[in-house]
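Please look over the structure shown below before reading the report that goes with it.

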Amino acid sequence: MRYNFPDIEKKWQRYWAEHRTFRTGDTQGKPKYYVLDMFPYPSGSGLHVGHLEGYTATDIMARYHRSKGYNVLHPMGWDAFGLPAEQFAIKTGTHPRETTERNVGNFKETLQRMGFSYDWEREINTTDPNYFRWTQWIFLRMLEKGLAYMSEVDVNWCEELRVVLANEEVEEKISAGHTVVRKPLRQWVLKITEYAERLLEDLDELDWPENVKQMQRNWIGRSEGMEIDFTLPCHRQKLKVYTTRPDTLFGATYLVISPEHPMAEKLATADRLKTVREYIGNAKLKTELERTGLQKDKTGVFTGSYAVNPANGEALPVWISDFVLITYGTGAIMSVPAHDSRDWEFARKFNLPIREVIKSPHDVQEAVMEDKGSTCVNSSNSDISLDGLDFSTAFNAMADWLESKGHGKRKINYKLRDWIFSRQRYWGEPIPVKHYEDGSLRPETDLPLTLPDVEAYQPSTTGESPLANIGEWLHGEDNHGKFRRETNTMPQWAGSCWYYLRFIDPQNAEALVDPEKEAYWMNVDLYIGGAEHAVLHLLYARFWHKVLYDLGVVSTREPFQRLFNQGMILGEDNEKMSKSRGNVIPADDVMGSYGADAVRLYEMFLGPLEQVKPWNTNGIEGISRFLSRVWRLFYPTDTEGSELPVLDDTPLAEPLLRRMHKTIRKVSEDTGQLKFNTAISEMMVFTNELHKTGCRQKTALETLVRLLAPYAPHICEELWQAAGHDESIALAPYPAYDPELARDEELTIAVQVNGKLRGTFTTPAGTPKENLIQQARSMESVGKFLEGMTVVREIAVPDKLVNFAVKPSMN
């Protein structure tokens, strides 16, 4: 019988749907495994082959753990609120709900064609009122706890999109050609800063890529320093400055404050006031990204005022510069140009003094020296001397002295800012708050608060959303008086902050999640998605989870125990796939030509999951041939009939038996470690061996399809059924191996001299250390590196390597 993948794949997709094969039970008698994809946004462009990589990986892990006896939760849903659907509505007059439903349908069809083993009965959608009711409920709990507040703040306003952007979104929009300016608007804000320390501390407990954890640490930006008071003699006030280097206070030669600092204009002398005001006005038009870029030309203006350095009584000029942000520290810094590159560039441009206070190997007038490892110089007065002290000692000595004199105090600061939680658009979760005529606020009591139907979706130029124009929805009256509803909506991140919890209990009308089910399933055992979400989604979700933990809604401090970032699949031109480049490879097209199983296998065979790799159509043709070879093990001839394969039960010869058990061990270990490409290679080797020996033995062939089933489920279901099994292979137990039979008989041992490879030899597994060392010494390629040397130490790692640590002989 021919391998007819279109009919076979459709057949088994129908079977899985009709038999609810992947329906997840909440039975707590089995170990659980919760594997999750990052919530997709269903765009109109559909899925390309690059999108399928992470989804294929999670499905392999879901199927693998089911066969290992785990109760597996593998759900899918849609992060469907957001700007793209609204922008499409503005262009076409189509309601965003219609666009979203159409896009969701297209995405779902593609995912089902791929044979992913999602429990579709748990499907959720952030635009469903039964879902966003609980998003609104969480917001109101934050409001009760004082974690949500309103503020008139300078925001990043996108002129073309007419929407506020989070700081984290600015670079992306500017790169796309949009104009972003700073603009004051009334905003809802969430106090993520109250959780800064916990967000940092708990990172250490997570099995996440170190680069992602470091990105979050950098974004939170914890620093230990001091707030130092500089007296302003002409104003009878003090200017408070935050610094992480109080040990360099003797080297401060000027101060810089933010254009938004409340004292900015007050410090301007009469002759400098006009210039200062012009500079402040220009700074307000720039985004934080534009102001703080390392490559930007330094700009600034002198206020005309001076402040007194408490360490040496020196009068320091006070400048204003837009590289200082009011949102960090106190909005004022002391500048030590000899030991900070930004301060050095500023000092050189405006001809300000540069004074060395950390011993430098070069002239600080010519180059900056930022190393903390050297010692203090030129740092003493009649009360204190830091000269000769290292960084840590000098830091504490200066901090103690300043505190004893009342000039400052130790302070921990964070770069993390509170999260601006308002968007001036229609297609988002309504914020469930009423504004009364007496100025009071009250929460909506009847959730969900749903969106009204509108005809125009364009936000106003003043910053109000289209909801402000829907009078019937906007205004109301209750027992507390007349009110006006909040017109801002939540950002798209809101729905994706907690979706993993709703998958656990998606139909619950009484609670966000049942406590017993939450305690069983949380936290997520494996979360796969792109590294681009390292700061935004992952940080926000961790914050919301900790709030829910404090509320007693969840039982874990963290939502995602293990995180894995898949690498990107590039187009055949080695560039990122995009419509503008014309190099997008639609998933449906490739499946139509080669089938879902071939696409799944090829995605995983391209290379290590975490690496970036290019798509190559010639490669998928090779995978297609491999599947045909597996098929021919059961059906050696391509007949048109539907006869069942004839498999025999004769015992396997020992070499093939050992090969089978080694394959089980290798594929099992590699799959569990997400090393899918090497697991596939091992199955290819085993397939070749079965063909080479002409094997038709039932156990061997069934073992192969059980190993292959998580990767290529459709063909394996068909062959499993052909072998006489009534139950789905998805529910069959994973093959077990005999450790003795799986043991390698001969191994390759690496031989090193001082850590450098000098040769290899083969030896039986389990060879004693003494014999390994003896064989290594006898090798000619090794012996020449031992001549004239004294062997300091001989290291033998059984079954792996021998290393000789040597040094030149004295005689």
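The report that follows deals with a helix, two enclosed or open spaces, and several salt bridges.

**A helix and its length**

This is a predicted model, and a convenient place to begin reading it is helix H2, which runs over residues 52–67. At 1.5 Å a residue, the 16 residues of H2 should span 22 Å, and because the C-alpha atoms at its two ends are 22 Å apart, the model agrees with that expectation. Helix H2 is also mostly covered, since 16 of its 16 residues are buried. Following H2 comes Gly 69, a residue whose phi is positive, near 95°.

**An open pocket and a closed cavity**

The second largest pocket has a volume of about 330 Å³, and its lining is made up of 17 residues. Of these, Trp 16, Ala 17, Gln 112, Tyr 118 and Trp 120 lie nearest the centre of the pocket. Two helices each supply at least two residues of this lining, namely helix H1 (5–19) and helix H4 (96–113). When the lining of the second largest pocket is sorted by class, six residues are nonpolar, five are polar and six are charged.

How many cavities of 30 Å³ or more does the count give? The count comes to one, and the space in the largest cavity is about 90 Å³. Two residues in its lining, Arg 63 and Ser 67, carry numbers that fall in the range of helix H2, residues 52–67. The rest of the lining of the largest cavity consists of Arg 706, Ala 709, Pro 710, Pro 713, Ile 729, Ala 730, Ala 732, Pro 733 and Tyr 734. By class, this lining has eight nonpolar residues, one polar residue and two charged residues.

**Salt bridges**

Side chains of opposite charge can pair when their charged atoms come close. In the whole structure, a search finds 46 salt bridges, and three of them are set out in the table with the distance between their closest N and O atoms.

| Salt bridge | Closest N and O atoms |
|---|---|
| Lys 213 with Glu 210 | 4.0 Å |
| Asp 343 with Arg 342 | 3.9 Å |
| Arg 658 with Glu 654 | 3.0 Å |

Where do Lys 213 and Glu 210 lie with respect to the turns of a helix? Both belong to helix H8 (residues 210–220), and because they are three residues apart there, about one helical turn separates them. Lys 213 is buried, with a relative accessible area of 7%, whereas Glu 210 is partly exposed, with a relative accessible area of 45%.

In the pair formed by Asp 343 and Arg 342, Asp 343 counts as buried because its relative accessibility of 3% is under the 20% cut-off. Arg 342, at 32% relative accessibility, counts as partly exposed.

The salt bridge between Arg 658 and Glu 654 joins two residues of helix H21 (residues 654–672), which are four residues apart, or about one turn of the helix. Is Arg 658 buried or exposed? Arg 658 has a relative accessible area of 14% and is buried, while Glu 654, with a relative accessible area of 47%, is partly exposed. Elsewhere in the list of salt bridges, shared partners join Asp 202, Glu 205, Arg 542, Lys 546, Arg 557 and Glu 558 into one network.

Terms used. Residues numbered from 1 in each chain as written. Predicted model: local features only at pLDDT ≥ 70, side-chain atom pairs only at ≥ 80, totals over all residues. Heavy atoms only, no water. Expected span 1.5 Å × (residues − 1). Buried < 20%, exposed > 50% of the residue type's maximum accessible area, 1.4 Å probe, protein only. 1 Å grid on protein atoms, 1.4 Å probe; cavity = no way out; pocket = protein on both sides within 12 Å on 5 of 7 lines; lining within 4 Å. Points joined across faces, edges and corners; volume = space filled by probe spheres on them. Nonpolar A, V, L, I, M, F, W, Y, C, P; charged D, E, K, R; others polar. Salt bridge = Lys/Arg side-chain N within 4 Å of Asp/Glu carboxyl O.
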